[in-house]
Amino acid sequence: MPHATHPKNPSKEEHSTRRVAANKGAPGLDGQSVAAFEADLGNNLYKIWNRMSSGTHFPPPVRAVEIPKPHGGGTRVLGVPTVADRVAQTVAALALEPRMESIFHPGSYGYRPRRSALNALARCRLRCQKRNWVVDLDVEKFFDSVDHDLMVKAVQANITPAQRWVALYVKRWLTAPLALSDGTLQARERGTPQGSLCAAEHNDPYEQGRVMRSADPLGLVGATPGIEHCA
């Protein structure tokens, strides 16, 4: 891989580690906790930087955890990458963030930096004073059905030549197998586990497009001037 495509600044790994630690996530398949990762921080960050810079970082399987859906109707599968892989994903997310932020809808709040659920509620409160109706749309099984090729094309369309390494690793993260509770590995050709940084960073504008296309046949987009979006 040409040097121009490398994530060349080790401080990005340090910043990414702080983000991962702040989320206080569970260990991945290797059982390593955030605290254990930080206990040998220098060596662990060097390994990540060295492998990502040389194009040799291959994501380990993602630990699958089933949780019940809040209102019944089965379970939802969450993906828990290893701590080291979450740091690597965050490095890529930080590289994409400026471009993604420039094209997100202003009414979008999910997974965005410096935007919280309370900010979204405040915006909804203001809109409730203007309109007395709400349209709630959801893409059924969105995370389970994400088209990998379309996702990679979306990433490639929004990176610079010096960021080609991001697309390389997005491909690998999308296809990293799921490690199920019975010890088997499940290959993935579509979809991305909920809970992974890869899902959070790349799905938002992609899902917005699918929701808008779903709403258009209902006459909600073109026929309603001034319709506002909040997600």
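Student: Is arginine 190 buried, exposed or partly exposed?
Tutor: Partly exposed, at 46% relative accessibility. Keep in mind that this is a predicted model.

Student: Which residue does arginine 190 meet in a salt bridge?
Tutor: Aspartate 147. The N to O distance between the side chains is 3.6 Å.

Student: Where do those two sit in the chain?
Tutor: Arginine 190 is in the loop between strand 4 (185-186) and helix 9 (197-215). Aspartate 147 is in the loop between helix 6 and helix 7. They are 43 residues apart, so the bridge links distant parts of the chain.

Student: How many salt bridges does the count come to?
Tutor: Three.

Student: Ok, what does arginine 19 pair with?
Tutor: Glutamate 97. Their closest N and O atoms are 3.3 Å apart. Arginine 19 is in helix 1 (residues 11-23) and glutamate 97 is in helix 4, with their positions 78 residues apart.

Student: Which of them is buried, arginine 19 or glutamate 97?
Tutor: Glutamate 97 is buried, with a relative accessible area of 12%. Arginine 19 is partly exposed, at 28%.

Student: And what about arginine 112, what does its side chain meet?
Tutor: Glutamate 101, in a salt bridge of 2.9 Å, N to O. Arginine 112 is in the loop between helix 4 and helix 5, while glutamate 101 is in helix 4. The two are 11 residues apart.

Student: Why does arginine 112 count as buried?
Tutor: Because its relative accessible area is 7%, and buried means under 20%. Glutamate 101 is partly exposed, at 23%.

Student: What else lies in the loop between helix 4 and helix 5?
Tutor: Tyrosine 109 and arginine 114, among them. Tyrosine 109 is buried, with a relative accessible area of 9%. Arginine 114 is exposed, at 72%.

Student: What does the tyrosine 109 side chain join up with?
Tutor: The side chain of arginine 123, through a polar contact of 3.3 Å. The C-alpha atoms of tyrosine 109 and asparagine 119 are separated by 7.7 Å. Those two are 10 residues apart along the chain.

Student: What is notable about the phi of arginine 114?
Tutor: Phi is near 60°, a positive value in a residue other than glycine. Most residues other than glycine have a negative phi.

Student: New topic. Which residues touch the most other members of the largest nonpolar core?
Tutor: Met52, Val155, Trp165, Val166 and Val170, out of 30 residues. Helix 2 (34-39), helix 3 (41-54), helix 4, helix 6, helix 7 (148-156) and helix 8 (164-175) each supply at least two core residues. Helix 4 gives the largest share, eight residues.

Student: What is valine 166 in contact with?
Tutor: Leaving aside neighbours within four places in sequence, valine 166 contacts Ala92, Ala95, Leu96 and Val155.

Student: Which residues form a nonpolar patch on the surface?
Tutor: Trp133, Val135 and Leu137. Together they have about 260 Å² of accessible area. Leucine 137 is in the loop between helix 5 and helix 6 (142-145). Leucine 137 is partly exposed, at 33%.

Student: Zooming out, how many helices and strands are there?
Tutor: Nine helices and four strands. The order along the sequence is α-α-α-β-β-α-α-α-α-α-β-β-α.

Student: And what share of the residues count as buried?
Tutor: 39% of the 231 residues. The accessible surface is about 13200 Å², and 56% of that belongs to carbon and sulfur atoms.

Terms used:
Residues numbered from 1 in each chain as written. Predicted model: local features only at pLDDT ≥ 70, side-chain atom pairs only at ≥ 80, totals over all residues. Heavy atoms only, no water. Buried < 20%, exposed > 50% of the residue type's maximum accessible area, 1.4 Å probe, protein only. Polar contact = N/O pair within 3.5 Å; in protein donor to acceptor, adjacent residues only side chain to side chain. Patch = residues over 30% accessible without salt bridge, like charges linked within 9 Å, V, L, I, M, F, W, Y side chains within 5 Å. Areas by Shrake-Rupley, 256 points an atom, 1.4 Å probe, with all protein chains shown as cover. Salt bridge = Lys/Arg side-chain N within 4 Å of Asp/Glu carboxyl O. Core = buried A, V, L, I, M, F, W, Y, C linked by side-chain atoms within 4.5 Å. Contact = heavy atoms within 4.5 Å.
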